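Work through the exercises below with the model open beside you. Try each task before you read its solution.

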Amino acid sequence: NGGRIFSGLFGKINNGTVKNLAVYGNVKNEYNHYPSHYRATGGIVGELGYTGKVINCSFIGNVVSNDCSGGIVGKMWRGGTIENCYCRGNIEGKEHSGGIAAFMNQGDQEYIINYSIKNCYFAGSVKNENAGAICGGWLSEGKSSGNDTEKIENCYYLKSSAEKGLGSGSITKDDSTALISPMLKQISEDLGSSFAEKTYDSVNKGYPVFTWQAPSKVKGDIDNNGNVNVSDAVTVQKCLTGKCMVTDGQYVTADMNDDGTVNVFDMILI
């Protein structure tokens, strides 16, 4: 929470990559000292620019700002790639707002610029006049090189989240599909190999998750080697004393009595 031009776990990223990251929480930005389309707030990155990439990442929470709000990225500036990502939460801003990205902005560049949002899904709600369940809109302030590409490919969103996938503007390709909740929970195979084949009510409320977020097939088998033994119990012990971290899937696997909490009783059962 606070007042910044760019807000998120990462405020601004140019030509860098964030990958294999799950973020939980809420982002609130009340900054209002610049024109609103200059400012941007995202669940993971405020502004993503040039060849910047966000890959295999998720955000679960709420994003609220006085400017442009996006579930994964706020503003895509002069290029950028968002691939194999998902967001579940509520997105609200006073300008463009989107479940994955708030908007794409070309700026005043005349060289080739490429934007890509691919294999992503959004399950939540977007509140704004310029709202898009995947991307809030496309905003061009300058001349195009004639070879620019702005693509939304193989993306899905909860039908009730917004009226359309792209809020405003016209881009090279808009392949965004609205689905009701039961259907959205069955698109893992369509999203590609980064996502687990099955969904789990105990992980992400039954919506698709990454392969590393899926629980082991054997309860208690935290290291997923097919056996439940002392090493699994030691892993739980270390986590209870704050000496290690586990993924969502490992947490569910370690919860032996399915009470929603991992504690000493689960360690004893293992």
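Helices here are DSSP runs of H or I with at least four residues, numbered from the N terminus. The model is a predicted one.

**Exercise 1. The nonpolar patch**

Find which residues make the nonpolar surface patch, and which helix gives the most to the patch.

Solution.
- Step 1: List the members. L240, V264, F265 and I268 make a nonpolar surface patch of about 400 Å².
- Step 2: Assign the helix. Helix 5 spans residues 264–269 and gives the most to the patch, with three residues. V264 lies in helix 5.
- Step 3: Check the exposure of one member. A patch residue needs over 30% relative accessible area. V264 has a relative accessible area of 37% and is partly exposed.

**Exercise 2. The cysteines**

Find how many disulfides the whole structure holds, and which cysteines are joined.

Solution.
- Step 1: Apply the cut-off. Two cysteine sulfur atoms must lie within 2.5 Å.
- Step 2: Search. The whole structure yields one disulfide. C239 is joined to C244, with an S to S distance of 2.4 Å.
- Step 3: Find the handedness. The torsion about the S-S bond of C239 and C244 is about -75 degrees, so this disulfide is left-handed.
- Step 4: Check both ends for exposure. C239 is partly exposed at 24% relative accessibility. C244 is partly exposed too, at 25%.
- Step 5: Test C87. The closest cysteine sulfur, in C85, is 10 Å from the sulfur of C87, which is too far for a bond. C87 is buried, at 0% relative accessibility.
- Step 6: Test C120. The nearest cysteine sulfur belongs to C155 and is 4.7 Å away; C120 is in no disulfide. C120 is buried, with a relative accessible area of 0%.

**Exercise 3. The buried side of helix 3**

Say which residues of helix 3 are buried, and what covers them.

Solution.
- Step 1: Locate the helix and its buried residues. Helix 3 runs over residues 230–240, and D232, A233 and V236 are buried there.
- Step 2: Look down the axis. These residues cover an arc of only 100 degrees, which puts them on the same side of helix 3.
- Step 3: Recall the geometry. An α-helix has 3.6 residues a turn, so residues three or four places apart point the same way.
- Step 4: Find the cover. Helix 4 (248–254) and helix 5 are among the elements that cover the buried residues of helix 3.
- Step 5: Look past the end of the helix. G242 comes just after helix 3 and takes a positive phi of about 75 degrees.

**Exercise 4. The salt bridges**

Find how many salt bridges the whole structure has, then trace the network that includes E47.

Solution.
- Step 1: Recall the principle. Side chains of opposite charge can pair when their charged atoms come close.
- Step 2: Count. A search of the whole structure finds six salt bridges.
- Step 3: Take E47 and K12. Their closest N and O atoms are 3.5 Å apart, and they form a salt bridge. E47 sits in strand 5 (residues 45–49) and K12 in strand 2 (residues 10–14), so the pair ties together parts 35 residues apart in sequence.
- Step 4: Compare burial. E47 is buried, with a relative accessible area of 3%. K12 is partly exposed, at 46% relative accessibility.
- Step 5: Take E47 and K75. They also form a salt bridge, with the closest N and O atoms 3.6 Å apart. K75 is in strand 8 and E47 in strand 5, so this pair ties together parts 28 residues apart in sequence. K75 is buried, at 3% relative accessibility.
- Step 6: Join the pairs. Salt bridges with shared partners link K12, E47 and K75 into one network.
- Step 7: Add another pair. The side chains of E30 and K28 meet in a salt bridge at 3.5 Å, N to O. K28 is partly exposed, at 41% relative accessibility.

**Exercise 5. A loop residue**

Is I72 buried or exposed? Where is I72 found?

Solution.
- Step 1: Place the residue. I72 is in the loop between strand 7 (69–70) and strand 8 (73–77).
- Step 2: Apply the cut-off. Buried means under 20% relative accessible area. I72 has 0%, so I72 is buried.
- Step 3: Set I72 against D259. They are 187 residues apart in sequence, and 31 Å apart in space, C-alpha to C-alpha.

Terms used. Residues numbered from 1 in each chain as written. Predicted model: local features only at pLDDT ≥ 70, side-chain atom pairs only at ≥ 80, totals over all residues. Heavy atoms only, no water. Patch = residues over 30% accessible without salt bridge, like charges linked within 9 Å, V, L, I, M, F, W, Y side chains within 5 Å. Areas by Shrake-Rupley, 256 points an atom, 1.4 Å probe, with all protein chains shown as cover. Salt bridge = Lys/Arg side-chain N within 4 Å of Asp/Glu carboxyl O. Helix = DSSP H or I, 4+ residues; strand = E, 2+ residues; numbered from the N terminus. Buried < 20%, exposed > 50% of the residue type's maximum accessible area, 1.4 Å probe, protein only. Arc of directions from axis to C-beta. Contact = heavy atoms within 4.5 Å.
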